[in-house]
Amino acid sequence: MTALQETVFLQGHIIDSLILAKVLDTILMMGGTFDLQDVTIGATRDAPSQARIVVRAPSSRLLAEILQAIQPHGAAVERDSDCRFEPASAAGIFPDQFYATTHLPTQIRLDGDWVEVEGMEMDLGICVDPAKARARTLPMGSVKPGDLIVTGREGIRVTPLARPRERDVFGFMESVVSSERPHQPVIADIAQRMLKLRVGYRQGQPDTKVLLAGGPAIVHAGGREALTWLIEAGFIHVLFCGNALAAHDMEAALYGTSLGYGLTAGRSVPHGHEHHLRTINRIRAIGSIHEAVRSGVITEGIMAACVRHDVRMVMAGTIRDDGPLPGVVTDSMQAQEAMRAEVQGVGLALLVASTLHAIATGNLLPASVPTVCVDVNPSVPTKLADRGSFQAVGLVMDAASFLKELARELGWRL
Amino acid sequence: MSRLLVCPPDHFQIDYEINPWMRRENAVLPSHAVNQWQTLMHVLEQDVGVGLERMLSVPGLPDLVFTANAGVVAGRRVVISRFRYPERRREEVYFAQWFREHGYEVLTLEKSLYFEGAGDLLGFPDTWFGGYRQRSDIRSFPKLSEIFQREIIPLELIDGRFYHLDTCFCPLSGGELLYFPSAFDAYGLAAIAQRIPEEQRLTVPEDEAIRFACNAVCVGKHIVIPAGCPQTTRVLQDRGYRTHDVELGEFMKSGGAAKCLTLALD
């Protein structure tokens, strides 16, 4: 939940008199939190100091009580102004001074009231509805002429994420990505989260979906059975992937190979390089992955599990795809829209062995969603961790080992 | 020679109750009040050797006698008080008028900032301390600090009996501080301790604090102190000060004593 907040300003000889300390202590003792902004210490004894303090509280009542308690010590509420907005003059183009979003919870001030921006995601604009009662994020490509787009920086406030209450791996503000970090405790924490989320999901609670965005290395490296089990056991509810993961998974179902390599024998089989093309061709002939599973052509694996367990799938195409498989969205902007729709209600994201899908998914997620990025290449988790989310955990490890260990934590027995 | 602004108690009485000391039924005896005030003036002029500037009393303004609350003076500049209670706000124009007639540059703060003059702002040559919460608004101090180019350390007054800083905090000419610690919170005490070393802090016991031991006037090595504060008097004498006890019981009915009845002009 986004905390309610108000910015107060304090000035004078507030350091030596301990007035600043008293104000900050008061905020904390009353159950609020604060961020110190723009603290200027007077250069000489005579020169005053000043501090801008963002006060936060879980309820408007408590916030009002805190503000009332610190007001006698000189902490005066700064009067904010409303945000500015302009109509877009053409389709797909923001006004020049448009405000670009972060992935943090954001509010804008409309007619004196702070309104939560819906659909928080980084690198978008903010569109205000004509009644000025609601605001939502909007991608550049979706702007229609006349849409009211927020401009400038006034009347906009961004809330840094509070440290999560849970004392697990997501609860520590670490964005260090290291191959030397012990994996087991991290994976155990992720498993605990997934157990809780599965309970919530089954009870229909909000923000309990688990998303997995994965690359084909999951299949090559031998993580297919573990992922299939995770889906069948009800731990994964949304899958983002490309043409390749689906093709190799079904290649394995039909031929027992992944890109021509025998998954059990571990060596290439004669004419194996054709297997994925023949698989794609076969599914294209059937018309859809769904039908291929339903008709019994694909009997096991990740795709079969997704179809049988109603996992929402978005397959986004790329320029090097073969086929592609039916259902792969080849228009990138359409794929982005489809992914954007599916990240709503996600409470945990697992980004496994796919630079492209991991980064794309990371960009779509609000910072509040705990995110695990697993890759043998440290640059992928590092890039995601650099987004500044408290709740991003990077694991430098092989996809199959991760999925197997995670599945084992959750009760998978071979 | 030091000069003090004073106002005779011709119209002094208790017409309203704006601090815990004031009780309308506890009426002032006018002749006693006049005698006590005259004695105080005599001691100040004759024993201490200060010059007195007497302003005229005004009917209907009983507390005009407490000139410490006129404003705060530095050099030829004065910032006139803005009283928290409307009962005393009518005094502001008379104080301003006196200073204007005597050639001072008269400044005022914005009307929303309560500030009760030297009652809440006093200190040492370098550092001033400002009492807030009971009467003065802490936000007045940054403005005063800018006007007078002085550091002003705000101190919260947490005991309603000590509603002005000069009722519990008295800087002395030798750098010592006479004060009643319980009138301040831990933050205030820490801020005081940071500026005034322990051996310079002279603590007043509660039974003398409520007899306004801290509401004393210190000029050079002379200290004029309300009568009935033997312990404090002894401590001050041990420090080499010459103390002068003055009976001021009639003014204590209104919550003031020696310091409240005077305003240092330079």
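In chain A of this predicted model, A:Ala353 sits in the loop that runs between strand S18 (346-352) and helix H11 (355-364). This alanine has a positive phi of about 55 degrees, although it is not a glycine. Is A:Ala353 buried or exposed? It has 29 C-beta neighbours inside 10 Å, and a residue is buried at 20 or more, so A:Ala353 counts as buried.

A second residue of this kind is A:Asp123, again not a glycine, with a positive phi of about 65 degrees. Its place is the loop between strand S7 (113-118) and strand S8 (125-128) of chain A. Here 13 other C-beta atoms lie within 10 Å, so A:Asp123 is partly exposed.

The two loop residues can be set side by side:

| Residue | Phi | C-beta neighbours within 10 Å |
|---|---|---|
| A:Ala353 | about 55 degrees | 29 |
| A:Asp123 | about 65 degrees | 13 |

Another loop holds a cis peptide bond, which joins A:Gly323 and A:Pro324 with an omega of about -5 degrees. A:Pro324 belongs to the loop between strand S16 (312-316) and strand S17 (328-329) of chain A.

Which residues does A:Asn243 contact, apart from its neighbours within four places in sequence? Both residues of the cis bond, A:Gly323 and A:Pro324, are on the list, together with A:Met315, A:Gly317, A:Asp321, A:Leu325 and A:Val328. A:Asn243 itself lies in helix H6 (residues 243-255) of chain A. With 23 other C-beta atoms within 10 Å, A:Asn243 is buried. A:Asn243 and A:Leu325 are 82 residues apart along the chain, yet their C-alpha atoms are separated by 6.3 Å.

Now for chain A as a whole. Its 414 residues include 43% that are buried, and the chain has 13 helices and 20 strands. Among the contacts in chain A with a separation of 6 or more, 64% are between residues 24 or more positions apart.

Two of the helices are worth a look together. Helix H3 (residues 183-202) and helix H13 (residues 399-409) of chain A pack with their axes 9 Å apart, at an angle of about 55 degrees. The two helices, H3(A) and H13(A), are therefore oblique to each other, and their crossing is right-handed. From H3(A), the contact uses A:His183, A:Ile187, A:Ala188, A:Ile190 and A:Ala191, while H13(A) brings A:Phe402, A:Glu405, A:Leu406 and A:Glu409. Sorted by class, the contact of H3(A) with H13(A) has six nonpolar, one polar and two charged residues.

Turning to the nonpolar cores, the largest one has 94 residues, and the members that touch the most others are B:Cys214, B:Ala216 and B:Ala258. Beyond its neighbours within four places in sequence, B:Ala216 is in contact with B:Cys170, B:Leu178, B:Ile223, B:Val224, B:Ile225, B:Ala258 and B:Lys259. There is also a second, separate core of 80 residues, which includes A:Ala305, A:Ala316, A:Met397 and A:Leu406. That last residue, A:Leu406, is also one of those that H13(A) brings to its contact with H3(A).

Finally, how many residues of chain A are in contact with chain B? There are 16, meeting 16 residues of chain B. On the side of chain A that touches chain B, strand S1 (4-12) and helix H1 (19-29) each supply at least two residues. The largest share, three residues, comes from H1(A). By class, this side of chain A divides into six nonpolar, six polar and four charged residues.

How values were computed: Residues are numbered from 1 along each chain as its sequence is written. Chains are lettered from A and ligands numbered from 1 in the order in which they are written. This is a predicted model: local features need pLDDT of at least 70, side-chain atom pairs count only at pLDDT 80 or more; totals for chains, interfaces and linings use all residues. Two residues are in contact if their C-beta atoms, placed from the backbone, lie within 7 Å. Helices (H or I, at least four residues) and strands (E, at least two) are DSSP runs, numbered from the N terminus. Ala, Val, Leu, Ile, Met, Phe, Trp, Tyr, Cys and Pro count as nonpolar, Asp, Glu, Lys and Arg as charged, and the others, Gly among them, as polar. A nonpolar core is a set of buried Ala, Val, Leu, Ile, Met, Phe, Trp, Tyr and Cys residues joined through C-beta atoms within 7 Å. A residue is buried if 20 or more other C-beta atoms lie within 10 Å of its own, exposed if 12 or fewer, and partly exposed in between; C-beta atoms are placed from the backbone. Axes are lines fitted to C-alpha atoms, for helices over the stretch in contact, and angles run from 0 to 180 degrees between N-to-C directions. Angles under 35 degrees count as roughly parallel, over 145 as roughly antiparallel, 65 to 115 as roughly perpendicular and the rest as oblique. A crossing is left-handed if the near helix is turned anticlockwise from the far one by less than a right angle, and right-handed if clockwise.
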